[in-house]
Amino acid sequence: MAVVKLASGYNIGVPHAHCTLLAKAQPAQAVHRAAIVQDKNLPELAIISTGGTIASRIDYRTGAVTSQFDAEDILTAIPDLAKVARYRAKQLYTILSENMTPAIWQELARAVHAEIQRGVTGVIVTHGTDTMAYSASALSFMVKTPVPVVFVGSQRSADRPSSDNAMNAACAAAAATSDLGEVAIVMHATTNDDRCAIHRGTRVRKMHTSRRDAFSSIGIPPVGFVEYPSRAVTLSPDAIRRGEQKPGLHDKLEERCGLVQFYPGMGEMVIDAFEGYKGLVIAGTGLGHTSTHLIPAITALIESGTLVVMTSQCLNGRVCDRVYDTGRDLLKAGVVEGGDMLPETALVKMMWVLGNENDYDKAAALMQQDLAGEYNRRSGHGL
Amino acid sequence: MDYKQLGLLAGIEIHQQLDTREKLFCHCATTLRDTAEHSGEFFRYLRATESEMGEIDRAAQEEMKRDRKFVYYTYDTTCLVENDEEPPAPLNDDALSLCLTIAKMFGMAPVPQLHTMRKLVIDGSNTSGFQRTALVAFNGKLPNGGTIETICLEEEAAQRVKDDIFSLDRLGIPLVEITTSPCMHTPEDVHEVAEYIGMVLRSTGRVKRGIGTIRQDVNISIAKGARVEIKGVQELDLLAEVVAREALRQKNLLAIRDELMAKGASVDENRILDVTDLFRETKSAILKKAKKISAITLPGFAGLVGREIQPGRRLGSEISDYAKKCGVGGIFHTDELPAYGVTADEVIRVKEFCKAGASDCVILAAGASAKQAECAIRQVIVRAKMALTGVPEETRKMLEGGSTAYMRPLPGAARMYPETDVIPVLIDEQRWNAVTVPELLTVKIQRIAAKFVADYGFNAAFATQVASSEHLPRIERAIADGINPDLAASTIVRVATELRREGIDIERLFSQNTDLSVLRAVTDGKMAKEAIRDVFASVASGISLEDAIKKLAPAVSRADLETIVRKILAERAEFVAQKQKAALGPLMGVVMAEVRGSVDGKVVSEILKKELEKVLTKAK
């Protein structure tokens, strides 16, 4: 079908066979936009784009699906941003976030670190929401930052008037100029356009497929909030403050790590498939279990040198393999309890730990230490 | 008015809600709710976005003049799609079928493949900031020789509760938008065409009924005037009046333009002055609390700003509508001053300060902020300049009575954007050929009325009334159930009308099949038909049907009735002997009083006659 745009603006589909070429359409003149003036007196933020939809739109003039991306494009799409800061924009990638890889996380970490070294007030990373939590977690381990490194995206595409992109971006910019000093995700806190939550990069998870407030902090409250439209930032006492950390880059990752969710009836060949991996995170049931049937396969995997860490598919709460027989058998097999770490965070952390520590026992010990706010020593009861 | 001479051209857009089970892009029911039942609320801001071509629609731009926060009511019958928190479901295929049926009824040609578009509307009535719409068919015929240009399948917008609060129950109900060519030349033409289209739509039996379920937009222009779109005329009877008033408005605006030209009037942006200080001590509450008051002097405009252009509306009202887009309550102009707490003295001072002559008009805009006052006075300039060229192209909303007020500029094609979340739908020959066209309501009414006259001996007028009744299916069902046709028809048509006028919820009674039960009781001799109205009213007030019959028309069986009749005949043996057959009439009254209306008079008369004959035969 050929898509025909009528004078009324409607599109209809017409079979190619019914179409006659009269003349080729002339490319329309690019619409003149008012130049964006950046205020030199405002703090400088770096915006690093990985291909999120935050400033993209269909562009029939060029025929490209994603338009070019520079500071002017973002500021045209989200004029509110110009009130908060001035910007340097860098387009690192234009990919959908499900196509992210550990190699891209590393490249992103280097780019963020370079901006920090340049002395920017904060860094904003625009990112697709699907795997944003993995990337934020990865950067939390790889980049030590004295300034805010804020991931932001949108759940509703930027080409709709109701998009959450403008508010999320405005709040991200406010967070990036605030007193925060860690890697965070800033997204809608509620379905209203009233506030964004600042989530710690290692304790956050996308918990809804489509809602604006899809992101939740798990196991801890958000480390801060940004009110909208006032853009007032409040940080929790636990939030790491600007300047507390010295800049640093530790960008080694061991990619041969896996994550598997146990399910009733799971066969040992699933575990066997990870033979040769340096590490495996299991998202077990409840307190951190697999079936007894799998224990020999897990034992064999560990004996072959794979580090196995247990987390829970409950997401909320801490694993404890000392309560039931199965758990004790898993511990006996050499499984390392992952505390209250989120399964995805545990995977990313494992890549980082095994990338930086060759000794099996030291690596196992690191998995049980808090390195970037990912591992709570205590379980606050939330009351 | 001679509309031909005026060069009146009108076209209409009819929006009719379809009676489908589910909404157009989600699986929620299409039921309207009482706003008091809302289960929650949330709020959002909307922003104008660029079109595919990189433009911002001028109508959307206008709505963006002020930051608006929109509040939405949710219900247990709405979902995340209405909340703009979930991508749309595939287009409701039942709604498409219905739309194709309507298209075929108008002899239209379907599009080979339907593409859902986003029509940018950022007045808050759509949580997404756009209305999803798809062009389904082209080129239909109207009996007046005009054409129906297009039929579109759209989602209904959210209902405004108040100001910037909207209710999501209505959002997403499927509706068809039928657009005619500008083929009408008098207000009456417009009424007729709208009525015809409405009839065709109702012929499907699948459109929603009641106030607000059908709305007409009218496009009107006169020679040398401009196309003006008037939105949301809900009552068919007002349509002609709206058209007539718009023709009048355009004629008067053209006359004003000619006078302005003759007077050498002009609009000069350099004649804006800050007059805040002149009103420090004013008695006008609005001016006193204003942070800034801006004034513009319009040379040559005196007398014309205050001139009426349609009932209740002046050029000043038009200017005021534009200023209101900045959030101000309105404007003041010297054609209407002194008034509203502004004294003659203050008027003189303002005119002096602005160096306004006798033929000049000064307009004041008071803002809660300097920015607001400046925005408003700039809007005044925009509209005043338009007065020099005649009639501006606009989208307007109807006011009570049929006059109109400015809403926004006419939207352009820039407001259309492809809905990337909905997959295009193929309408192939096979599907189109399978669409069956229902009988037109007018034809059906004639046919059924003729049948009623022939089969049941109804008079022609009553037969037509019954045939056009919305309750025809109930009547037909009652007749099929063995109820006397006259009883069934008159009860359902007349009693229903009577009770509805008294404010009784007749639909609820019908939905519980009270009509059938009552008719059955009458037929079985359990109650007299004289008691029907009262029994209906009692049931509506919450009493059970059985109790209502017992109370208003206690059950008297045929056997009971025979006993009563025999007893009365025995008691009045002397009277019977004296009057013979003539006793029937007076005794009828006695029996009816005894059974208190619980038995049909016909049955009483029949039994009384039989028993009387028995007595008289015996006596012989």
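## Sheets, helices and domains in a two-chain model

Strand 15 (residues 292–298) of chain B pairs with strand 19 (residues 361–367) of chain B in the antiparallel sense, over 7 bridges. The model in which this pairing is seen is a predicted one. Within the pairing, B:S294 has B:A365 of strand 19 of chain B as its bridge partner. Both strands belong to an open sheet of 4 strands in chain B, whose order is 14-15-19-18 and whose pairing is antiparallel. The edges of this sheet are formed by strand 14 (272–274) and strand 18 (332–333) of chain B, each of which pairs on one side only.

Strand 18 of chain B also borders a loop that runs to helix 8 (344–353) of chain B, and B:P338 is placed in that loop. The peptide bond joining B:L337 and B:P338 is cis, with omega at about 0 degrees.

### A sheet built from both chains

Another open sheet of 4 strands draws on chain A and chain B, in the order 1(A)-2(A)-5(B)-23(B), with antiparallel pairing. Which strands form its edges? They are strand 1 (2–5) of chain A and strand 23 (425–426) of chain B, and each pairs on one side only.

On the chain A side, strand 1 and strand 2 of chain A are joined in the antiparallel sense over 4 bridges. There, A:K5 stands opposite A:N11 of strand 2 of chain A. Strand 2 of chain A also pairs with strand 5 (residues 113–114) of chain B, again in the antiparallel sense, over 2 bridges. In this pairing across the chains, A:G13 has B:Q113 of strand 5 of chain B as its bridge partner.

The contact as a whole takes 30 residues from chain A and 37 residues from chain B. On the side of chain A that touches chain B, strand 2 (residues 11–14) of chain A gives the most, with 4 residues. By class, that side of chain A divides into 14 nonpolar, 8 polar and 8 charged residues.

### Domains of the two chains

Chain A is divided into domain 1 (34–249) and domain 2 (257–367). The C-alpha centres of these domains of chain A lie 32 Å apart. How many residues of each domain are in contact? In chain A, 12 residues of domain 1 are in contact with 10 residues of domain 2. Helix 3 (residues 132–142) of chain A supplies the largest share of the domain 1 side, 6 residues. The residues on that side of domain 1 of chain A comprise 7 nonpolar, 3 polar and 2 charged.

A cis peptide bond also occurs in chain A, from A:Y228 to A:P229, with omega near 5 degrees. A:P229 is placed in the loop between strand 12 (224–227) and strand 13 (233–235) of chain A.

For chain B, the domain assignment gives domain 1 (8–227), domain 2 (262–408), domain 3 (451–552) and domain 4 (558–619). The centres of domain 1 and domain 2 of chain B, taken over C-alpha atoms, are separated by 35 Å. B:K224 has a positive phi of about 70 degrees although it is not a glycine. This residue, B:K224, lies in the loop between strand 12 (214–221) and strand 13 (228–233) of chain B.

### Helix packing in chain B

Two helix pairs of chain B are set out below.

| Helix pair | Axes | Angle |
|---|---|---|
| Helix 11 (residues 441–456) and helix 12 (residues 460–467) of chain B | within 8 Å | roughly 130 degrees |
| Helix 14 (residues 485–501) and helix 16 (residues 514–523) of chain B | 11 Å apart | about 140 degrees |

The axes of helix 11 and helix 12 of chain B cross at roughly 130 degrees, which makes helix 11 of chain B oblique to helix 12 of chain B. Their crossing is right-handed. Helix 11 of chain B contributes B:I445, B:I448, B:A449, B:F452 and B:V453 to the contact, while helix 12 of chain B contributes B:A460, B:A463, B:T464, B:V466 and B:A467. These residues divide into 9 nonpolar, 1 polar and no charged.

Helix 14 and helix 16 of chain B pack at an angle of about 140 degrees, and helix 14 of chain B is therefore oblique to helix 16 of chain B. The crossing of helix 14 and helix 16 of chain B is right-handed. Here B:L487, B:A488, B:T491 and B:I492 of helix 14 of chain B meet B:D515, B:L519 and B:V522 of helix 16 of chain B. By class, the contact of helix 14 with helix 16 of chain B has 5 nonpolar, 1 polar and 1 charged residues.

Key. Residues are numbered from 1 along each chain as its sequence is written. Chains are lettered from A and ligands numbered from 1 in the order in which they are written. This is a predicted model: local features need pLDDT of at least 70, side-chain atom pairs count only at pLDDT 80 or more; totals for chains, interfaces and linings use all residues. Domain bounds come from an automatic or database domain assignment. Two residues are in contact if their C-beta atoms, placed from the backbone, lie within 7 Å. Ala, Val, Leu, Ile, Met, Phe, Trp, Tyr, Cys and Pro count as nonpolar, Asp, Glu, Lys and Arg as charged, and the others, Gly among them, as polar. Two strands pair if DSSP finds at least two bridges between them. Axes are lines fitted to C-alpha atoms, for helices over the stretch in contact, and angles run from 0 to 180 degrees between N-to-C directions. Angles under 35 degrees count as roughly parallel, over 145 as roughly antiparallel, 65 to 115 as roughly perpendicular and the rest as oblique. A crossing is left-handed if the near helix is turned anticlockwise from the far one by less than a right angle, and right-handed if clockwise.
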